[in-house]
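Biologist: I am new to this structure and would love a close look at one part of it. Please pick a single strand, tell me what sits around it, and then carry on to a few other places if they help me read the model.

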Amino acid sequence: MKNSKPAAKHKSSPQRRPQKEKRAAPAKRRPTLSASSSDAADRLLQLHHAVEQSPVSVIITDLQGNIEYVNPKFTQVTGYAFAEVIGKNPRFLKSGETLPDEYRNMWQTVLAGQEWHGEFHNRRKNGELYWEAASLSPIFDMQGKITHLLAVKEDITERKDIEAKLRASEEYARSIVESSLDIIIAVDNQRCITEFNPAAEEAFGYKRDEVIGKHIGFLYADVKQGQSVHQMVSRQGKLIQEVVNRRKNDELFPSYLSAAVMRNDQGELLGVVGISRDITANKQAEEAIAHRDATLSAVAFAAEQFLRAASWEKSLPAVLERIGKATNASRVYLFENYFDQANTLFWRQRAEWVAPGITPQIDNPELQKLNVAEAGFARWRDILQNRQMIQGLVKNFPDSERPLLEQQDILSIVIVPIFVKDAWWGFIGLDECTAEREWSLLEVEALLAAVNTLGGAIERARVDQELKTRAQHLALLNEITRASVTTSDLHQLLQLMTNKLGQLLNAPSCVISLREDTHYRAQSVAWFREDSQMQPEPFKESDMAIFVDAALRAGQPFAIEDVSNDLTANHENLLANFPFKSMLCLPLIESGHKLGAALIGFTTLHSFTQTEIELGTQAAAQIALAIVKTQSFAAEKERAAELEALRQASLSLTSSLDLSAVLDAILESMMQLNQNARDAHIYLYDDDRLTFGSSIWRDGSKGQEWSSPRQNGLTYAVARGGEIIAVPDMRNHPLFVGTPSTWQGAIIGMPLKIAEHVVGVMTIAFEEVREFVESELRVLRLLAAHAAIAIENARLYDQVQQLAVTDSLTGLLNRRGFYQIGALEFDRAWRFNRPLAAMMLDVDHFKQINDTYTHAIGDQVLIALANACRNSLRTVDVIGRYGGEEFVILLPEADIEVASHVAERLRNTVEEIRLPANGAEVYVTISVGVAAMSANTTTLELLIERADRAQYRAKQAGRNHVVVDDK
């Protein structure tokens, strides 16, 4: 450590500026040896030449460690000239990495008359670190007294680098072996294990220390196999084959081994290294393939039975048996859904197969009329009706489901839904009652295939039955009724209804068109029979409007047996491409509300029977009721979604007090509520001036402003008027006169205000021209009210935060603010081992200034000192008013030498300050203490305390001083 003393400074007072003196330092020169005619002088001269030309550094110091001699090699290594080091202590070379105890031990050893050997990590003059191997020894006079100390040092930086690279290379090779997923084992010529990597530990169950040095034979299933492997690889040089190994617990497992011999540079055999991989999973896969073949055979059998048998019920027992045996299940069964008059879902068991020793459940009365919800299986209902499976261990199932399953001794289960066309019909299940198991993907896929085939068989049987009698039509009407009750999505409902209407009347096509007021919406879907040869173009909106309007005017169904001769269709260009020759028009009316119409068309002339018209009338009434219900549900759902979005937006807006984060949260919430919007902007409004706050675009990008607000434009109009302005078409609105032609579409300007005070304006732009309905504006107003409060809260929080960490007089950080920021700088310097220095400075005779010139002049002194600090220091330096006339400064990336220079420069700057006071001038001086972070300075508080102690010593030294704490 540098042994420097603080430079003496002249005493001064606030009234008089001290005069400076300069002294010329005596020149230092390199000592030389005079030539002599004596042999001793010749030998001494030879010794001097040898030392001067030595390839190692030679240093001679007095007993206090002050340098008296260094040879040229020292200058070459350190970069310091002879004159720069004479009289100084070698501690200026220290890098700070050697502990004080090590230096203490070194001095004790040498001063005790013994040699000391070690290594130093020192710093050259240019700041570069280097390594030295050092030998320190005492120099004795003729009486055996130590007079000087001799240090001989060799630069070993390059050797250290080579050693480090070698270690890194060895560690890299080791890491490859250690991180390998494959088993790596090496043996010597006696087949004793020399290497056993972690993958081997995991595979065999042995720790490395348990096997190193042992014969490898115990790792094979039998000794002969191990001997054979070693002989073959020794003879051939390498070997690849499958072997059987033995784990520590005596469990056998197959592995795929690749072994090769290891030789030295002379070709001598050193041993064998083997890389192997556990192929248990491969073997299990082979077994799984065999299992799959059996399972697929069962599926093929099921398909054959269901397709060939006249009744799927009769073939079901044999199919369940084949599936159960192929999957090794304990029980296979089929359940069917049915509903009571209240539309409550029940399950009943229709068929079952059980393995020997398993209790049948087909006669269990509880399973013949199982109320799904009351039995605790509502979760199953929701999953299965969404075409998803249920599988797993029963012990992991919810509490509501386990009792009934455990009564049947079920440990593991898999349930696959059966769908007949688009309706959930029931399910097939597999139980395991003897042991817990995870059902394989193969088993599940096979069960799915069987279920799909069964679903097709059930559908075929159902269609056959429906085509035979009138009851089939009634059953289909019941399906329409049930679908209208269970379906909540309007588009899905319309698609389903068109399909059902087409099936009901055996028609090739059906179209449903809804209208809203006088406008027809694009909510129509077409249904085509599979055997239909017609592939018509989609209906034109105008074509549909003619027939829908006619049906609604009639108020009741009517048939058009020949469209070409009907007056309703007598419209220009209508018949040229119209796809229907005959059509049944069904108005959709519910409680006087005209919804639209269903059009059932035929591509050939068709005479409609009264039964068909009655069936169509019944279906239309049910469809109309379902549409009203679905629309009401959709409206409530939309309202609930809006409220939930507002709730989520409110939570998001109150989750942060950072203004930037609040603005982004407002815009993100706005875009979620208006997903077809192009962009949204927020401008803050203060003192009749708008400033850009934030923006968001459809692609998620932020921060890009579309255009600065115009004084006569939308944004200023909203800010000054405090009311929402909705512009359906920018090109035809007076607020956008003279704007670029690219400004097209619709836009809303929303004031963000608290009571009548506008704090900002939010704009939401859309690419297309459009009208805004009141429900949209209502939601925007609610969100704007939340947003205004969040913005105002963030502004107030910023103001409070600023006041909390700032000194009101000087504008510098107060003590609290200094420690908040200083702690971050200290942690960074400590974590990355970077230099950091602190300065504590105090105004000299400040009380005398206050007493002589009043406290107002004292405040001006503090302000002037604060300005001097700002002007003299870097922007990265942390400056704070510590209290009273004390100031504290942190200097990141500055060591003690740099910090002392900065402190001296600041002291000189302050000396130049002149403040007028009552016809006189006030001079200002400061006393500064400097300290740098070291290994023993573990907290910011300790660093400040050291600087404070140094400043106290500066005061004691006569003030207007800079004192460095060198501990």
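Modeller: Gladly! Two strands pair if DSSP finds at least two bridges between them, and the strands (E, at least two residues) and helices (H or I, at least four) are DSSP runs numbered from the N terminus. This is a predicted model, in which local features need pLDDT of at least 70 and side-chain atom pairs 80 or more, while totals for chains, interfaces and linings use all residues. Residues count from 1 along each chain as written, and side-chain values use heavy atoms, without hydrogens and water.

Let us settle on β30, which covers residues 886-892. Is this strand mostly covered or mostly open? Mostly covered: of its seven residues, six are buried (under 20% relative accessible area, 1.4 Å probe, protein chains only; exposed is over 50%, partly exposed in between).

Now for the neighbours of β30. Strand β28, residues 836-843, runs antiparallel to β30 and is joined to it by seven bridges. To find one of these spots, look for Asp842, whose bridge partner in β30 is Glu886. Strand β29, residues 878-883, is antiparallel to β30 too, with five bridges between them. Here a useful landmark is Val878, which has Leu890 in β30 as its bridge partner. Strands β29 and β30 form a hairpin with two residues between the strands, and there Gly884 takes a positive phi near 60 degrees.

Two helices are worth a stop next: α22, made of residues 846-853, and α23, made of residues 855-872. They pack at an angle of about 135 degrees, and their axes are 6 Å apart; axes are lines fitted to C-alpha atoms, for helices over the stretch in contact, and angles run from 0 to 180 degrees between N-to-C directions. Which residues meet there? From α22 come Phe846, Ile849, Asn850 and Tyr853, and from α23 come His855, Ile857, Gly858, Val861 and Leu862.

For another view of strands, turn to an open sheet with antiparallel pairing, whose five strands follow the order β2-β1-β5-β4-β3. At its edges stand β2 (67-70) and β3 (116-123); each has a single partner strand, so one side of each has no neighbour in the sheet. From one strand to the next, the twist averages 30 degrees. Within this sheet, β4 (residues 129-140) and β5 (residues 146-155) run antiparallel and share nine bridges. Leu136 is a handy place to look, since Ala151 in β5 stands opposite it. Helix α4, residues 100-111, lies across β3, β4 and β5 and runs at about 140 degrees to β3.

Finally, let us zoom in on one residue. Leu334 belongs to strand β11, which spans residues 331-339. Is Leu334 buried or exposed? Leu334 is buried, since its relative accessible area is 0%. Apart from neighbours within four places in sequence, Leu334 is in contact (heavy atoms within 4.5 Å) with ten named partners that you can pick out one by one: Leu316, Arg348, Gln349, Arg350, Ala351, Ile418, Trp425, Phe427, Ile428 and Leu454. One more pair shows how the chain folds back: Leu334 and Gly429 are 95 residues apart in sequence, and their C-alpha atoms are 6.5 Å apart in space.
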